[in-house]
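Subject: Structure handover

Hello,

Here is the structure I promised to pass on. Please open it alongside this note.

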Amino acid sequence: MHGNYGYFEEGKLGKPYDWPLWRRLASYARSYLKVIGLSCVLILLLTGFDLTLPYLLKVGIDKYILPSARQVRVPEAPAEPPLTRFLNQVRGKLNWGPEPGQFFITGQTLTEVDPRLLRWLEEKGIITEQRFYFTPIRSEAQRKIVLAHPSLFHSANGIAYVDYQDQAKLSAAEIVTLRRQDISGLYRLGFIFVFLLLLSAACTFGQNLLMVYAGQHMMHDLRMQLFSHLQKMSLSFFDRNPVGRLVTRLTNDIQNLDEMFGSVVMTLLKDAVLLCGILVILFNLRWDLTLVTLSVIPLIVVLFRAFGIQVRSAYRDIRAKLAKINAVLNEYLSGIRVIKIFRQERATSSRFEALNHAYYRATVRQITLQAVFFPCIELLATTTIALLLWYGSRQVLADRLSLGALVVFI
């Protein structure tokens with residue numbers, strides 16, 4: 001009872017990815033490829049839902065909550081080259097104002113204008129700093145509100161414009177009437193949002209159920225094959241490998257494989273697809289803000305490399321200590337008569353306490369690594385949001401980025 005208990009993995013990490021072993025494990029998935037394939041389809045649907053929901057938030061904010069426009073005042077003097085370039089770029093996107101040379105341009109259109117050109121137009125006073133709420137006049141009640149406050153509203157081509165600050169001069173009932181289309185649009189978006197959430201929940205349930213079904217059947221096949229293999233081994237094999245170690249192989253190790261397949265592999269697949277979709281959308285929205293978002297990636301890579309080997313070592317150490325405990329328990333409980341006859345209770349308790357304390361220390365080491373690693377990841381995530389708020393809010397205030405797009409990035 002004093003020897004090595006047959007678990008030889010301590011201190012031998014080997015390669016982090018053993019591809020021949022992966023191929024052997026993948027062979028157990030062949031019988032369940034249809035189930036796994038259907039699960040992958042659900043993962044693609046879930047990815048689509050995850051990408052659509054933030055876009056709905058963007059539409060809700062930019063189109064219904066904070067639609068904005070600014071005034072463009074074109075001077076009567078011959079247009080300077082930058083102004084001519086601007087007018088050519090936004091041709092067809094300007095709405096005529098109530099006075100000659102006055103136009104209104106939406107904030108969404110301004111985000112497409114070159115920032116340097118936009119800054120020049122603001123410095124020349126061609127684009128005013130005021131931000132206007134605008135809405136089409138579609139009902140008699142809205143028309144009455146506009147006519148009742150002629151000093152607040154600009155009306156042109158069936159669209160009413162009012163300075164956001166001047167909305168405070170309207171009553172709550174007038175604002176509700178004026179923004180009836182926005183409220184209806186938000187209701188529609190809300191129903192779509194809830195519907196997609198329900199679909200996402202149903203797909204998540206189905207995907208988890210399918211992966212548990214496939215994973216449990218694969219581990220059942222593996223466990224049965226391993227048990228059949230053990231029955232064919234010689235007696236000398238069981239002399240060299242204590243029963244506790246073999247029990248650990250058939251129970252804990254196979255359970256870890258099931259968790260690895262069901263939780264890790266499929267989650268990585270889903271996250272990889274989701275990440276690709278997110279990057280495509282973000283680069284289409286604003287490439288510079290996307291680079292700000294990705295600026296912490298090098299730090300994350302360094303963090304993973306720093307913790308990777310230590311975490312693997314800690315998990316291997318825990319499994320080794322647990323195998324020893326199982327082996328010792330099996331030998332001690334099987335030989336309890338011998339222990340009692342020779343009055344070795346105290347000695348066996350001391351040896352078991354030493355093994356149990358070693359397992360405790362290995363577990364504490366693994367928990368300590370997690371306690372350091374995950375807060376570091378959270379800190380980097382918070383730093384990314386801080387960078388987005390610092391850089392993105394400046395872009396929003398300068399009308400180079402919509403508030404909804406900033407929300408999507410966050």
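Below is what turned up, starting with the core and ending at the surface.

One caution before the details: this is a predicted model.

**Core**

The largest nonpolar core holds 29 residues. Inside it, A214, M218, L222 and F261 have the most contacts. Three elements give two or more residues each: helix 2, helix 8 (180-231) and helix 10 (243-285). Helix 8 supplies the largest share, with ten residues.

F261 is a good place to start looking. Set aside the neighbours within four places in sequence, and F261 is in contact with I36, M211, A214, G215, M218 and M266. Two of these partners, A214 and M218, are also named among the residues with the most contacts in the core.

There is another core, apart from that one. This one has 14 residues, including V90, I105, L110 and L117.

**Cysteines**

How many disulfides does a search of the whole structure find? Zero. A disulfide is a covalent bond between the sulfur atoms of two cysteines. Take C40. The closest cysteine sulfur to its own is in C203, 14 Å away, so the gap is too far for a bond. Start from C203 instead, and the closest cysteine sulfur is that of C40, again at 14 Å and too far for a bond. A pair counts as a disulfide only if the sulfur atoms are within 2.5 Å.

Is each of these two cysteines buried or partly exposed? C40 has a relative accessible area of 26%, so it is partly exposed. C203 is at 10% relative accessibility and therefore counts as buried. The cut-off for buried is under 20%.

**Surface**

On the outside, look for a nonpolar patch of about 420 Å². Its residues are L57, I65, L66, L186, L403 and V407. Helix 2 (33-65) and helix 15 (403-409) are the elements that give two or more residues to this patch. Helix 2 therefore appears twice in this note, since it also gives two or more residues to the largest core.

L403 sits in helix 15. Its relative accessibility is 33%, so L403 counts as partly exposed.

**Helix 14**

Last, find L389 in helix 14, which covers residues 345-397. L389 has a relative accessible area of 43%, so this residue is partly exposed. Now find F409, 20 residues from L389 along the chain. The C-alpha atoms of L389 and F409 are separated by 9.7 Å.

Best wishes

How values were computed:
Residues are numbered from 1 along each chain as its sequence is written. This is a predicted model: local features need pLDDT of at least 70, side-chain atom pairs count only at pLDDT 80 or more; totals for chains, interfaces and linings use all residues. Side-chain values use heavy atoms; hydrogens and water are left out. Patches are made of residues with over 30% relative accessible area and no salt bridge: like charges are joined within 9 Å, nonpolar side chains (Val, Leu, Ile, Met, Phe, Trp, Tyr) within 5 Å. Accessible areas come from the Shrake-Rupley method with a 1.4 Å probe; for residues, only the protein chains shown count as cover. A salt bridge is a side-chain nitrogen of Lys or Arg within 4 Å of a carboxyl oxygen of Asp or Glu. Helices (H or I, at least four residues) and strands (E, at least two) are DSSP runs, numbered from the N terminus. Buried means under 20% relative accessible area, exposed over 50%, partly exposed in between (1.4 Å probe, protein chains only). A nonpolar core is a set of buried Ala, Val, Leu, Ile, Met, Phe, Trp, Tyr and Cys residues joined through side-chain atoms within 4.5 Å. Contact means heavy atoms within 4.5 Å.
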